[in-house]
Amino acid sequence: MNPGLKPRPPFGLGTYLLMILGVAIVGGVAGAAQVFVKDLPGTLGLILTAAIVTAAMAIAFAACIWWWRGIDEAAREAHKSAWWWGGSCGMAIGVVILTVLTIHDDGSTSATVGMTAPDLVVTGMWTILLFQLAGYTVAWAIWWLKHR
Amino acid sequence: MNNRLKVLRAERDWSQADLAERLGVSRQTVNALETGRYDPSLPLAFRIARVFDQPIEAIFIDSE
């Protein structure tokens with residue numbers, strides 16, 4: 001490295017929020033697009049839905065790599081700690097709560113609110129993800145508080 | 001691990017933001033380094049040594 005050159009400043013909160021907004025827009029566009037193709041006849045609807053979701057995930061993943069390369073090493077350590085401890089604990093808590101809530105349900109509760117089996121699978125998946133995200137956020141904040 | 005970052009920075013009359021800019025890290029990272037609550041990677045330790053023009057062992061003190 002040339003000692004005379006100023007290093008590039010790391011990405012801050014603004015870049016992070018911009019990336020989240022961009023990924024959310026991509027997710028929204030993908031969600032809207034799959035509404036139009038999911039009911040196409042034959043396997044075409046399934047293939048197009050898979051292609052749209054895969055493309056959206058690939059774009060989100062590329063954005064994450066770009067952002068990850070732009071933050072500094074302490075910020076990466078905070079996210080690694082949050083991913084492992086926060087994500088794992090959040091998932092564990094979510095699994096316990098979901099299991100307790102659903103174990104005594106004979107299906108009448110979900111039927112009352114008009115949920116089908118696929119709806120329940122997707123709801124369970126997103127609920128666990130939200131628990132992981134909550135745990136991640138808490139662990140991330142704790143890491144920075146401990147390293148102040 | 002203890003370090004002399006705060007002293008070296010004060011000697012040069014730099015703010016944490018000044019040092020962060022020179023190192024290419026955030027001000028929060030400089031703060032975490034100065035309080036000794038975050039140990040830098042070897043590449044960052046070398047960058048710090050270059051910025052202060054001192055050997056690594058003159059900046060970081062093994063507390064064990």
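## Exercises on chain A

In helix α3 of chain A, the buried residues are A74(A), A75(A), A78(A), A82(A), G86(A) and G90(A). Here a residue is buried if 20 or more other C-beta atoms lie within 10 Å of its own, exposed if 12 or fewer, and partly exposed in between, with C-beta atoms placed from the backbone. Helices (H or I, at least four residues) and strands (E, at least two) are DSSP runs, numbered from the N terminus.

Before we start: this is a predicted model, in which local features need pLDDT of at least 70 and side-chain atom pairs count only at pLDDT 80 or more, while totals for chains, interfaces and linings use all residues. Residues are numbered from 1 along each chain as its sequence is written, and chains are lettered from A and ligands numbered from 1 in the order in which they are written.

**Exercise 1. Work out what covers the buried residues of α3(A), and describe this helix.**

Step 1. The cover includes α5 of chain A together with α3 (27-34) of chain B. Contact means that the C-beta atoms of two residues, placed from the backbone, lie within 7 Å.

Step 2. Now follow the helix from end to end: α3(A) has 31 residues and reaches 43 Å from its first C-alpha to its last, close to the 45 Å expected at 1.5 Å a residue. The expected span is 1.5 Å times one less than the number of residues.

Step 3. Look for a bend: α3(A) has a kink of about 30 degrees, centred on A82(A). The bend at a residue is the angle between axes fitted to the seven residues ending there and the seven starting there.

**Exercise 2. Find the buried residues of α5(A) and place W143(A) among its neighbours.**

Step 1. Helix α5 of chain A (residues 117-146) has 30 residues and a reach of 43 Å from first C-alpha to last, close to the 44 Å expected.

Step 2. Its buried residues are F131(A), Q132(A), G135(A), Y136(A), A139(A) and W143(A), and their cover includes α3 (73-103) of chain A.

Step 3. Why does W143(A) count as buried? Because W143(A) has 21 C-beta neighbours inside 10 Å.

Step 4. W143(A) touches A78(A), S81(A) and A82(A), leaving aside residues up to four places away in sequence. W143(A) and E77(A) are 66 residues apart in sequence and 8.7 Å apart in space, C-alpha to C-alpha.

**Exercise 3. Decide whether I47(A) is buried or exposed.**

Step 1. Locate I47(A) in helix α2 (residues 44-70) of chain A.

Step 2. Count its neighbours: I47(A) has 12 other C-beta atoms within 10 Å, so I47(A) is exposed.

Step 3. For a distance in space, take P9(A): I47(A) and P9(A) are 38 residues apart in sequence and 42 Å apart, C-alpha to C-alpha.

**Exercise 4. Describe chain A as a whole.**

Step 1. Chain A has five helices and zero strands.

Step 2. C-alpha atoms of chain A fill a box of roughly 65 × 40 × 20 Å along the principal axes.

Step 3. Of its 148 residues, 9% count as buried.

Step 4. An automatic or database domain assignment gives domain 1 (10-71) and domain 2 (73-148). Their C-alpha centres lie 21 Å apart.

**Exercise 5. Examine where chain A meets chain B.**

Step 1. Count both sides: 15 residues of chain A are in contact with 15 residues of chain B.

Step 2. On the side of chain A that touches chain B, α3(A) gives the most, with three residues.
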